[in-house]
Amino acid sequence: QELFFKLFERYLDTMLKEHTNPTPDTAELPALLLNGLATILDLKDCLEQQNLFCSAGAFIKITSMIHITPGKAEEAIRAAGGGRTLCLSVLRALTSLMAGNEENKDFFAKHIGYDQLKELILISFNHKLPRLLLTSLLDLMLDGKLSMSPRVHESDDGTGDVFAEPDEDGAAISAASVSTLRNPSIASLLLKVLLYFEDKDQQLLMDFLAKLASHSSLNRTRLCSENILFQLLEMIPERLSPALVEKIANLVKLLGQHSITVREANKLISLLKPLSGDLRPPWIPTVLDILQSMADSPQSPFPVYFDFDGIKSSLVLPTLPRWPFNKTNPSFTAVSWVCVESFSDPQGAPNYQPRLFSF
């Protein structure tokens, strides 16, 4: 382990050095080294390597590379495609470092933060975000599980096998991408930078989040835990296209039917207040439609249920000697419906073996 730690530390230091002092001939080298790091971690059972890279300062060193160094370094980086290519390589490396590793996600959130990552991304792309960045962030949100379709075609039922036309690489985001939400903090980040994407990509993101929310109650719970519902409600009064407002409202309905806090309910009701001069807000029909949908159509078909996410919650029974057995009739009967939404590990472990009962 010590040998690998020194090797990884040397790898990161070399990458940072080449980024800080580039030449026209070596300007592309940092991006290649970042992609090499991601390739190493994309192998199976890489948890130990992820932790070693984290201990070697990978998160801080890699994220700092998004900054464009002034002077000759800036000229060399811009000649090689600017900070955009480097930023995408940084995101790919971050995805590999955090995939299936909750400790690394917590470390990144505490020591760097997603707001800082957001600012670095906006600077790198000069506040004009392309489709390729959207797919990179969605991939980070799904722990590298995003699927891309090489060709765009519509299915017979009109829903489509893909969410949009191809991006710069000729691939489109596939409906197969929708799975378990692994990093909900990225969903919050995406909403904060939503208006910096083109309108068609804004709608694409809303469609993707809606598919994600529809996929399972676990996804809805994770989105609600990141205050996504409140962020969406704040967007409704913005000057957005009618198509985007409609998609935002659909996502609000999905999340609101699942869970809504007092703060979010107050925000929703406040949107009905008249504007200055006693003018009726143009978004009142949308808000009324949301309220009607939330009241009429509960998301869960079960009026009362326990939701075990497989990470922080489960049903634990005492050992048999502690049960209050009746000596004349030493038996128990329990009846319940069980709905299993996913047989994959919520944390992405490769050797996961799901159990309904564990003794």
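This briefing describes the fold, confidence, core and charged pairs of one protein chain. The structure is a predicted model. The chain has 359 residues, of which 42% count as buried, and its secondary structure consists of 16 helices and 2 strands. The mean pLDDT is 80, and 76% of the residues score at least 70.

**Overall build**

- Contacts that reach across the sequence are frequent: among those between residues at least 6 apart, 74% join residues at least 24 apart.
- The accessible surface of the chain is about 20,500 Å². Carbon and sulfur atoms account for 55% of that surface.

**Confidence along the chain**

- Among the elements of the chain, helix α10 (residues 184-192) has the highest mean pLDDT, at 96. The lowest, 46, belongs to helix α5 (residues 72-79).
- Over residues 69-77, pLDDT stays under 50. The model gives this stretch 14 contacts beyond four places in sequence.
- Residues 149-162 also have pLDDT under 50 throughout. For them the model has 23 contacts beyond four places in sequence.
- Where pLDDT is low, the predicted coordinates should not be read in detail.

**The nonpolar core**

- The largest nonpolar core contains 84 residues. Ile 62, Met 141 and Met 206 have the most contacts inside this core.
- Helix α6 (residues 82-98) supplies the largest share of the core, with 9 residues.
- Beyond its neighbours within four places in sequence, Ile 62 touches residues that come earlier in the chain, namely Leu 12, Met 15, Leu 34 and Leu 37. Ile 62 is also in contact with Val 90, Ala 93, Leu 94 and Leu 97.
- In soluble globular proteins, nonpolar side chains tend to be buried together.

**A covered helix**

- Helix α13 (residues 228-235) is mostly covered, with 7 of its 8 residues buried.
- The buried residues of α13 are Ile 228, Leu 229, Phe 230, Gln 231, Leu 232, Leu 233 and Met 235.
- These buried residues pack against five helices: α10, α11 (199-215), α12 (217-225), α14 (242-258) and α15 (262-270).

**Cysteines**

- The whole structure has 0 disulfides.
- Cys 46 has a relative accessibility of 12%, so this residue counts as buried.
- Cys 54 is likewise buried, because its relative accessible area is 12%, below the 20% cut-off.

**Salt bridges**

- The structure holds 10 salt bridges. Side chains of opposite charge can pair when their charged atoms come close.
- Glu 2 and Lys 6 form one salt bridge, with an N to O distance of 3.6 Å. Both residues lie in helix α1 (residues 2-20), 4 residues apart, which is about one turn of the helix.
- Glu 2 is exposed, at a relative accessible area of 57%, whereas Lys 6 is partly exposed, at 49%.
- Arg 92 and Asp 42 form a salt bridge in which the closest N and O atoms are 3.6 Å apart. This pair links distant parts of the chain: Arg 92 is in helix α6, while Asp 42 is in the loop between α2 (29-41) and α3 (47-55), 50 residues apart.
- Both partners count as partly exposed: Arg 92 has 35% relative accessibility, and Asp 42 has 47%.
- Lys 118 is paired with Glu 119, the closest N and O atoms lying 3.1 Å apart. Lys 118 is buried, with a relative accessible area of 16%, but Glu 119 is partly exposed, at 36%.
- Glu 102, Lys 105 and Asp 143 are joined in a network of salt bridges.

**A residue in helix α8**

- Gln 116 is located in helix α8 (residues 114-124). Its relative accessible area is 36%, so Gln 116 is partly exposed.
- Gln 116 and Thr 63 are 53 residues apart in sequence. In space, their C-alpha atoms are 9.4 Å apart.

Definitions and conventions
Residues numbered from 1 in each chain as written. Heavy atoms only, no water. Buried < 20%, exposed > 50% of the residue type's maximum accessible area, 1.4 Å probe, protein only. Contact = heavy atoms within 4.5 Å. Areas by Shrake-Rupley, 256 points an atom, 1.4 Å probe, with all protein chains shown as cover. pLDDT = per-residue confidence, 0-100. Core = buried A, V, L, I, M, F, W, Y, C linked by side-chain atoms within 4.5 Å. Disulfide = S-S within 2.5 Å. Salt bridge = Lys/Arg side-chain N within 4 Å of Asp/Glu carboxyl O.
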